[in-house]
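Me: I would like a close look at a single contact in this model, with the surroundings added where they help. Please go through it slowly, as I will be reading with the structure open.

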Amino acid sequence: MSDFHVTILLASVIAAAAPILLATLGETITEKSGIINLSLDGTILLSAMCAFVIALKTDNILLGFVAASLVGALVAGMVAFFSIYLKQSQVAVGFVLTLMTRDLAYFIGSPYSRMPGPQVGPMPVPFLSEIPFFGDVLFRHNLPVYFSMVMIGVAWWYVYKTRLGLRLRSVGENPEASYARGINPNRVQMVYALCGGLLVGLAGATFSLCIKPGWGQPQGAEGTGWIALALVIFGGWNPVKAALGAYLFAFLQVMSIYFQGWLPSIPAQVFQVAPFPLMIFILVIMFFAQRESFVRWAKDKPVVRAVIRALSSAAPSSLGRRYSEE
Amino acid sequence: MADYVQNGQRISAGQYTETVGDYIREGVLTLVVVLAFTTFVLFIAGAPPLDAYYHIFKGSLGSWGKFTHVIKAWIPLTLCSCGLLYTFRIGLWNIGVEGQVVMGAIFTTYALRFGIATPFPLVFLALSFAAGIAGGALWALLAGFLKTKGGVHEIFAGLGLNFVAQGTVLWLIFGPWKRPGVASMSGTEIFPTDLWLPYISSLRISPIGLACALGALILTAAMLRYTRVGLYLKAIGNNPNSAYLLGLKPNRYMLIAMICAGGFAGLAGSMQVAGVYHRLIPSISSNYGYLSLLVVMLANFNVWIAPLVAFFFACLNVGSIQLPMMLQLDSSLSGVIQGTLVLATLAVHAWRIRQKTRGARP
Amino acid sequence: MALELRDIHKHFWDVKANDGISMILAPGKIHGILGENGAGKSTLMKILSGYLHKTSGDILLDGRPLHYSTPAEASALGIGMLYQDPLDFPVMSVLDNFMVGQKGVLRNRKPFFRKRFAELSRSIDFTLNPDTPVATLTIGERQQLEILRLLSLGIRVLILDEPTTGISSAQKEVLFSALKELGRQGRNVILVSHKLEDVEALCDTVTVLREGRVTGEMDAPFDTSELLRMMFGAPPKLTLREKVSPGEEVLHLEGVSAPGGRTGLSDCTVTVRRGEVIGLAGLEGSGQDVFLRIASGLIRPVAGSVRLGGTPMNGKDYHCFRTAGVAFQPASRLEEGLIRGLTVTEHYALQDRRQGLLVRWDDAYSTAGSKIEKFQVIGAPEYRVESLSGGNQQRILLSFLPDRPRLLLLENPTRGLDMESVYWVWEHLDEFCHSGASIVFSSSELDEILMASDRILVFFNGKIIKDVKKEETSSMELGRAIAGKTS
């Protein structure tokens, strides 16, 4: 393959990863505080629909993004509200919301199906885009894609390097202890559910206004939310590792188009669903890699050990658990 | 996970009782919330709300023909709900039920293909049902193994397998089982009528399908109430650690629960192929797997309330098919109503518990 | 600053955990709060620290009433508490733990807190590495971290809830000297304990609680027998069991090691004989829990061999041990013993091991009825187990024990029970010995161990450091062994 192809391939991976990346980062932040927002798949669709419709009606792309992020935050806020104030299972509420928001998106969005609409134009970064190879791969995208890349670093810095991030992690690890130290776990969980939801909403807008412009049924974003949820586990609740997972997944998606061309004998459907079982496969591998017997076996194998260390992860200790005072 | 299953059940720490009046008040409040929200949604979509509700009602219970469609939807919904009662009982979130329906449908189609132009269509029809049950159970068992042996949460295992099952259907329809001539989204070639599930033509209802659904209900109720397996599922679901120390093997019963759930879901898939579509189509499951999760949650995990909820949901699904024709609205309104109903029920009940325990606190 | 508690009540539904408690805590002194398990000490201290809300009563500081409802508000007023189970974040580093709850928004100010941490450590002679993860620390070290953190918040009233449970004697000395130093600095130190020796070693004055009420106060030097009277009412009677002479070997552990619990278990060799009652003494989590779980097949040893009546059992699971006649009963009743949400009858139905598809509900119901009568449970077959009181739950658990077991392994079988129930439980267990079973039990009460056992194993830091017949030892000697001194 010539150099030219590699550039295009990598650039399209970076672009395709943007919404997955935003959703994954959002969910990582939410889960760090101990809340599982299972509604991602529907939320992304609903916010994608809102973004497209609002942008179309107001002819203002920015408003589309704002609307989408508000929708994302609203749905995530409902999960948090049901968990914190009504003591309901996050999984149950999240699942119902997944289905409900998806149908809501289809219902309200159906008159706008297949309509031509606004979309975010490319915005090469001056000077940087002139760098050979890297310029083409990294700096010839549109704003949401840059934003998604910047957010990796911001999320990591915020979670691990600031006092607020410390507070966020402490609530996800042990809300009782956080409460004893003057932190209000309910408020922290609510705030980060909303923040995470905001990013998930932006992911939806990135779909309908950049990556797969327009609205339809199916839109093409179906399944992304579930992938993002799996990527959070894959990334071990670390924004940087989760981001790598998102890029890996986008790479597989893009490659499946190439593979289809190269191996016409294998039906297209296999490539479309391949990333999902692959995800499960990786989760299984990670589970076995953390077993004691395996760790003993890998003791004198430095490469294996390094891989395990990179994959090893622990969920926030109180993830999904409902916290209540007294 | 036990508390997911418990949610909605009366908490025992709070020393108060629920009266019939409480239930009625809760029910009315829930309905008000749901109606308010859906009316708001219809308002956004620029549709006349009363007309929409009227068409949903007329489209589901307005005539005998429509009613038979409701029953056709009720049967797979009830079957899936029965299956889910086993997995919820042991504290598993069998989201994979959707894929289990699809696998059941695939296996049924496979078996029926051998029955084309043979002298004993009924034998193959029976065989295809067995195949459907086996297919669903197998798919569920796979998710169960991923959970118990592979450490993958059943939600992710189930979802992944749902996508794989869906991919398999598409591959079969466009590949090995494609129609002579052109492959299309309309599915495989239709089976000859002697391989259709027999139905009473004057009523347009299949007695076998109805019998399966009712049998599943009675069997499930009896299993959960009277058999040791039922008791063990409940014990493990409420506290796997204690159950292990009392001599039970949680992993084994998780697999058993998954097999039961998958079997019923697979049977629902058979119904879809042999009783409704008479071929394999891409959307063969009609989303009944996911929907049945909502049914069971709304029924508060009760065997006898589940079929009633399933009937109501079936009405909504069938009735909303009228919306695109009559009002140029999308039929997904039914999903919005169903989801809102479950959320509102959870919220109203939880809110009332909150009020009560607050008041009872010294 | 003098802290005064005035007529504090705390009711949990219908249980009166604190029933009108008043006391004055003078500054610059180490004040002991003494009482047996369930006397209401922890509840009172959680109210004082803002973690629980009192039902009624007043807390006054220098005569002015204080109003606060959260731990944060309490610590802003200078009241801080070290909880029995350290409330910290195991996956984070010591320094991160130190920083959680300190003021600040974006900037980390790590260097500043590192310096502050080092200063405070020096002032009371603690030596903690700020960069190690808390998960690798011992309980004693986690307490030190928490004390440092509270001091950094400017705490003037420091409450310690059972701080000597689970820490080594060396750490205890470090802790006590630090507390004395804090007292000298004019801070108000409150030590909650049910251990006489701690109170005697450290406190200037002591208040005794029993059943939610104050039963007495005393200044140092203390009259031990008077304190005991205040704690227990009448001093506990020790009944002497009829001796059963030990028979053939039932359980044999040879050089067994396993991870688990706080300390794991290393190189343990023990033989249990028929008819013997063996008490496992030691600070909680010194290896007794691991020992019982190895003997019941719940933990598989990484080294050494386990024999049951001469049969090697290595690699067999809990259910094999169970069929071989071993019965294990865990300490946490509702977490590992009983199943929340199931009725008493359903529990007996689960115990029915006969083959068959159907549950024999009638049998289970009548079994439940007869067991409830035999074990004097206050409850009915259709009650859910979580609605029973702790003592009755324990009785239900005891009724699960098989009729003719070979070996009973009991973890804290009488925890949280009143004295009468304790005697009742042991009378019942003695019947098992007479029918030829062996009993191995752990207990945090030395009195109970001395009362019930034939032989006593003392655990310290994951090892058995003493294996002695009851007649050949005394509570003094055992107490020293529990603290790690065998000479």
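Reply: Buried area is the accessible area, taken with a 1.4 Å probe, that two parts lose on being put together, summed over both. The model is predicted, and the contact I would look at closely is the one inside chain A, which is divided into domain 1 (6-264) and domain 2 (274-314). The centres of domain 1 of chain A and domain 2 of chain A, taken over C-alpha atoms, are separated by 27 Å. Where these domains meet, 11 residues of domain 1 of chain A are in contact with 12 residues of domain 2 of chain A, and the two domains bury about 970 Å² between them, 82% of it on carbon and sulfur atoms. On the side of domain 1 of chain A, A:Phe234, A:Lys241 and A:Leu252 supply 41% of the area buried against domain 2 of chain A, more than any other three residues.

The polar side of this contact is quickly told, since the rule finds 0 salt bridges between domain 1 of chain A and domain 2 of chain A, and the count of residue pairs in polar contact, with both residues at pLDDT 80 or more, is also 0. The elements of chain A that give two or more residues to the domain 1 side are helix H10 (224-234) and helix H11 (239-262), and H10(A) gives the most, with 5 residues. By class, the side of domain 1 of chain A that touches domain 2 of chain A has 8 nonpolar, 2 polar and 1 charged residues.

The contact between chain B and chain A can be read in the same order. Chain B brings 47 residues to this contact and chain A brings 41 residues, and about 3,800 Å² is buried between the two chains, 79% of it on carbon and sulfur atoms. In chain B, the residues that lose the most area to chain A are B:Phe156, B:Phe163 and B:Leu343, together 17% of what that side buries. Between chain B and chain A the count of salt bridges is 0, while the rule finds 3 residue pairs in polar contact, both residues of each pair being at pLDDT 80 or more. Helix H1 (2-6), helix H2 (20-44), helix H7 (154-174), helix H12 (288-298) and helix H15 (333-360) of chain B each supply at least two residues of the side that touches chain A, and the residues of that side divide into 33 nonpolar, 10 polar and 4 charged.

Two single residues show contacts that link chain B with chain C. B:Lys234, in helix H9 (residues 228-238) of chain B, is partly exposed because its relative accessible area is 21%, whereas buried means under 20%. Leaving aside neighbours within four places in sequence, B:Lys234 is in contact with B:Arg89, C:Gly341, C:Leu342 and C:Glu346. C:His347, found in helix H12 (residues 344-351) of chain C, is buried, with a relative accessible area of 0%. Not counting residues up to four places away in sequence, C:His347 touches B:Leu246 from chain B, together with C:Leu338, C:Ile339, C:Leu342, C:Val385 and C:Phe400.

Methods:
Residues numbered from 1 in each chain as written. Chains lettered and ligands numbered in written order. Predicted model: local features only at pLDDT ≥ 70, side-chain atom pairs only at ≥ 80, totals over all residues. Heavy atoms only, no water. Contact = heavy atoms within 4.5 Å. Salt bridge = Lys/Arg side-chain N within 4 Å of Asp/Glu carboxyl O. Polar contact = N/O pair within 3.5 Å; in protein donor to acceptor, adjacent residues only side chain to side chain. Helix = DSSP H or I, 4+ residues; strand = E, 2+ residues; numbered from the N terminus. Nonpolar A, V, L, I, M, F, W, Y, C, P; charged D, E, K, R; others polar. Buried < 20%, exposed > 50% of the residue type's maximum accessible area, 1.4 Å probe, protein only. Domains from an automatic or database assignment.
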